[in-house]
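Subject: A structure for you to look at

Hello,

Here is the structure I promised you. Have a look at it first, and then read on for what turned up.

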Amino acid sequence: MNYVDTIADYLEENNYTVQVGKLYNTSADNSINLNKVVVYPKEAVYRQCIDKLKGYNNQQAKILVHWNKSYTDSIAVAERIYSLFDSNVYNNLIFTPRQSSPIELGTDSYDIWEFVIELNIIEQI
């Protein structure tokens with residue numbers, strides 16, 4: 001199962017514009033990317049656990065919230081996205097954030113606020 005695509009689908013169902021793998025410009029005039037959410041797979045993390053005849057896959061992913069120049073707007077969106085994944089189940093996947101809140105990265109070179117949400121993803125197999 002492609003966990004990154006599942007996360008992207010879930011975010012899109014909640015009315016967020018999502019890109020997978022990297023932040024790239026989608027505007028015809030090359031304007032600054034605003035109001036984007038990017039989902040990244042975490043590098044080479046895969047575990048299979050066995051617990052009384054039940055198996056589990058465990059993956060990790062990162063969500064970058066690249067919103068706008070307003071800290072207030074950007075943190076509010078990051079917190080809403082965080083709450084979507086806070087111990088939530090979607091398509092037989094259990095999402096648990098790795099931190100207690102979104103991680104503030106500061107601003108990019110265009111002064112757009114960025115936040116990261118790191119997730120554990122557990123699938124019963």
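Before we start, one term: two strands are said to pair if DSSP finds at least two bridges between them. Please also keep in mind that this is a predicted model.

**A hairpin**

Let's begin with strand β7 (residues 103-107) and strand β8 (residues 113-124), which pair in the antiparallel sense over four bridges. Which residue of β8 is the bridge partner of Thr107? You will find that Trp113 takes that role. The hairpin of β7 and β8 has five residues between the strands, and Asp111 is found in that loop.

**Positive phi angles**

Asp111 is worth a click, because it is a residue other than glycine with a positive phi, near 65 degrees. Is Asp111 buried, partly exposed or exposed? Its relative accessibility is 46%, so Asp111 counts as partly exposed.

Asn91 is not a glycine either, and it has a positive phi of about 50 degrees. You can find Asn91 in the loop between β5 (88-90) and β6 (93-97). With 48% relative accessibility, Asn91 is partly exposed. Asn15, just after helix α1, also has a positive phi, of about 70 degrees.

**Helix α1**

Helix α1 spans residues 3-13. Its buried residues are Tyr3, Val4, Thr6, Ile7, Ala8, Tyr10 and Leu11. As you look along it, remember that an α-helix has 3.6 residues a turn, so residues three or four places apart point the same way.

**Aromatic rings**

How many aromatic pairs does the count come to? Counting rings whose centres lie within 6.5 Å, the answer is eight aromatic pairs. One of them joins Tyr71 and Phe115: the ring centres are 5.9 Å apart and the planes are at 55 degrees, so this pair is tilted. The pair links distant parts of the chain, since Tyr71 is in helix α2 (residues 71-85) and Phe115 is in strand β8, 44 residues apart. Tyr71 is partly exposed, with a relative accessible area of 35%, whereas Phe115 is buried at 0% relative accessibility.

Phe115 also forms an aromatic pair with Trp113, and this one is stacked, with 6.4 Å from centre to centre and 25 degrees between the planes. Trp113 and Phe115 are both buried. Trp113 is also the residue you met as the bridge partner of Thr107.

Finally, look for the cluster in which ring pairs link Tyr10, Phe85, Tyr90 and Phe95. Tyr10 is among the buried residues of α1.

Happy exploring!

Methods: Residues are numbered from 1 along each chain as its sequence is written. This is a predicted model: local features need pLDDT of at least 70, side-chain atom pairs count only at pLDDT 80 or more; totals for chains, interfaces and linings use all residues. Side-chain values use heavy atoms; hydrogens and water are left out. Helices (H or I, at least four residues) and strands (E, at least two) are DSSP runs, numbered from the N terminus. Buried means under 20% relative accessible area, exposed over 50%, partly exposed in between (1.4 Å probe, protein chains only). Rings of Phe, Tyr and Trp (its six-membered ring) pair if their centres lie within 6.5 Å; planes under 30 degrees apart count as stacked, over 60 as edge-to-face and the rest as tilted.
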